[in-house]
Amino acid sequence: MTRIGLPYFKTLEDARRYYAPVLGNREVGQKIERGEIHIGKPRIKAGEVLGLDLDNRYYVQKVVGNE
């Protein structure tokens, strides 16, 4: 399977923890406003499996044969 990280986080606090060391809280908020970061579960396509990594960032795995 191919694993692809997504700009979706379980909570706002998770997104801040992930990005704040590099960007700062204000920039994280701006990225959310611009639609570059999303809070909540993403929609997935047929042939994809949704997962959540240790940073509470969502990823998808594409099932082999559906790539």
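I'll start with a contact at the surface: the side chains of E36 and R34 meet in a salt bridge, 2.9 Å from N to O. By salt bridge I mean a side-chain nitrogen of Lys or Arg within 4 Å of a carboxyl oxygen of Asp or Glu. E36 is partly exposed at 36% relative accessible area, and R34 is exposed at 52%. The cut-offs are under 20% relative accessible area for buried and over 50% for exposed, with partly exposed in between, using a 1.4 Å probe and protein chains only. Through shared partners, salt bridges join K31, R34 and E36 into one network.

Some conventions before I go on. This is a predicted model, in which local features need pLDDT of at least 70, side-chain atom pairs count only at pLDDT 80 or more, and totals for chains, interfaces and linings use all residues. Residues are numbered from 1 along each chain as its sequence is written, and side-chain values use heavy atoms, with hydrogens and water left out.

The structure holds 4 salt bridges, and two of them sit in helix α1. Helices here are DSSP runs of H or I with at least four residues, strands are runs of E with at least two, and both are numbered from the N terminus. E13 pairs with R16, with the closest N and O atoms 4.0 Å apart. D14 pairs with R17 at 2.4 Å, N to O. Why is the separation of D14 and R17 about one helical turn? Because they are 3 residues apart in helix α1. The burial differs along these pairs: E13 is partly exposed at 42%, R16 is partly exposed at 27%, D14 is buried at 4% and R17 is exposed at 53%.

Staying with α1, residues 12-19, its buried residues are D14, A15 and Y19. Seen down the helix axis they fall within an arc of 115 degrees, so they line one face of the helix. That arc is taken over the directions from the helix axis to the C-beta atoms. These buried residues pack against β1 (2-9), α2 (25-33) and β2 (38-39), where contact means heavy atoms within 4.5 Å.

Next, the rings. The whole structure has 3 aromatic pairs. Rings of Phe, Tyr and Trp (its six-membered ring) pair if their centres lie within 6.5 Å; planes under 30 degrees apart are stacked, over 60 edge-to-face, and the rest tilted. F9 and Y19 are edge-to-face, at 5.7 Å centre to centre and 70 degrees between the planes. F9 lies in strand β1 and Y19 in helix α1, so this pair ties together parts that are 10 residues apart in sequence. Both F9 and Y19 are buried. Y18 and Y19 are also edge-to-face, with centres 4.8 Å apart and planes at 80 degrees. Y18 is partly exposed at 29%. Ring pairs link F9, Y18 and Y19 into a cluster.

Last, R57, in strand β4 (residues 57-62). Which side chain of opposite charge is nearest to R57? D53, at 5.3 Å; R57 is buried yet has no salt bridge. For charge, Lys and Arg count as positive, Asp and Glu as negative, and His and the chain ends are not counted. The R57 side chain does reach the backbone oxygen of L6, at 2.7 Å. Leaving out residues up to four places away in sequence, R57 touches G5, L6, P7, Y8, F9, Y18, G51 and L52.

Next to β4, N56 is in the loop between β3 (48-52) and β4. N56 has a positive phi of about 60 degrees although it is not a glycine, and it is partly exposed at 23%.

Notes: Polar contact = N/O pair within 3.5 Å; in protein donor to acceptor, adjacent residues only side chain to side chain.
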